Amino acid sequence: MKKVIFFLSLAVSAVTVVLLLNRPPAAKPYKPTAPIVEKAQKIIEIEALCQYPALPTGCEATAAATVLRFLGSDITPEQFADDWLERDPDFYYSGGMLCGPDPNKVFAGDPFSDNSFGCYSGAIERAINKNGGGFSAETVEAQNLSELCSRFIDKDTPVIIWATIGMKESAPGRSWLIDGKDPFTWISGEHCLVLIGYNEDYFFFSDPQSGSIVAYQKAISEKRFYELGRQALIINKTPSQ
């Protein structure tokens with residue numbers, strides 16, 4: 001019996017190790033090397049919030065809190081992640097296949113943890129519309145960031161967008177089955193930012209990674225936005241009754 005228990009313990013430990021090894025490492029803060037904000041043709045003045053140290057994988061919660069605070073809320077990124085955002089860290093093997101949550105509906109993992117994935121626009125939209133009170137969220141379709149600028153930035157509406165950390169090239173990440181049946185592959189390098197401005201050559205963002213306003217060349221920003229499925233989200237104040 002002791003031998004059976006010993007080998008079972010080894011098996012459980014092996015599964016745990018495999019999961020940890022295949023989860024992405026925590027993103028590290030970086031110093032942006034972007035043009036100065038004064039060069040912006042149009043920019044929305046907004047508080048730049050940093051996800052560190054509390055939310056090492058919580059760029060999405062930080063971006064959402066950034067826009068909510070711009071609209072008058074006093075919510076913090078930590079409160080959004082803890083109280084509003086639905087999280088599911090339940091990864092498991094079934095029939096030899098890794099199974100896990102749907103990032104379009106919930107945060108895959110825990111944003112307070114170094115070893116987690118993240119979520120896509122649908123999860124943030126659900127969190128705000130379920131808990132937002134005086135605020136509502138809406139996923140918007142756009143062909144590119146330039147279109148978002150003309151539709152929203154020019155009207156002083158910041159836009160939460162999905163791209164990559166430092167606008168570096170994305171890559172296929174860990175794969176799993178959603179609900180044990182639907183194949184899904186995480187996009188490695190995923191990052192969430194708030195689009196707030198532009199000029200002839202650059203887009204400007206409030207970046208949770210550095211907690212500052214950064215700028216990236218338009219062409220590379222458009223490419224990364226496309227690689228992440230052209231996900232964009234706006235938040236509106238709900239008219240008082």
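This passage describes the overall make-up of a predicted model, followed by its strands and two individual residues.

Residues are numbered from 1 along each chain as its sequence is written, and side-chain values use heavy atoms, with hydrogens and water left out. Because the model is predicted, local features need pLDDT of at least 70 and side-chain atom pairs count only at pLDDT 80 or more, whereas totals for chains, interfaces and linings use all residues.

The protein contains 6 helices and 13 strands; both are DSSP runs numbered from the N terminus, helices being H or I with at least four residues and strands E with at least two. Of its 241 residues, 46% are buried, where buried means under 20% relative accessible area, exposed over 50%, and partly exposed in between (1.4 Å probe, protein chains only). The exposed surface of the protein comes to about 12,100 Å², with 53% supplied by carbon and sulfur atoms; accessible areas come from the Shrake-Rupley method with a 1.4 Å probe, and for residues only the protein chains shown count as cover. Among contacts (heavy atoms within 4.5 Å) with a separation of 6 or more, 65% are between residues 24 or more positions apart.

Strand 10 makes a good starting point for the strands. Strand 10 spans residues 190-198 and is mostly covered, with 9 of its 9 residues buried. Two strands are taken to pair if DSSP finds at least two bridges between them. Strand 7 (residues 159-164) runs antiparallel to strand 10 and is joined to it by 6 bridges; here Val159 has Leu195 as its bridge partner. On strand 1 (residues 42-43), 2 bridges lead to strand 10, again in an antiparallel arrangement, and Ile43 stands opposite Gly197. Gly197 also has a bridge partner in strand 11, namely Phe204. Strand 11 (residues 202-207) is antiparallel to strand 10, with 4 bridges between them, and a hairpin of 3 residues connects the two. In general, strands of a sheet pair through backbone hydrogen bonds, either parallel or antiparallel.

A further group of strands forms an open sheet. It has 4 strands in the order 3-4-8-9, and the pairing is mixed. Strand 3 (92-94) and strand 9 (182-188) are the edge strands, each pairing on one side only. From one strand to the next, the twist averages 55 degrees; axes are lines fitted to C-alpha atoms, for helices over the stretch in contact, and angles run from 0 to 180 degrees between N-to-C directions. Strand 8 (residues 171-178) and strand 9 run antiparallel and share 6 bridges, among them the one that partners Ala171 with Ser188.

Two residues offer a closer look at local surroundings. Thr62 belongs to helix 2 (residues 59-70) and counts as buried because its relative accessibility is 0%. The side chain of Thr62 reaches the backbone oxygen of Gly58 at 2.8 Å. Beyond its neighbours within four places in sequence, Thr62 is in contact with Leu49, Cys50, Gln51, Leu55, Pro77 and Pro208. Asp74, by comparison, sits in the loop between helix 2 and helix 3 (77-84). Asp74 counts as exposed because its relative accessibility is 64%. Not counting residues up to four places away in sequence, Asp74 touches Arg69 and Gln79.

Technical notes: Polar contact = N/O pair within 3.5 Å; in protein donor to acceptor, adjacent residues only side chain to side chain.
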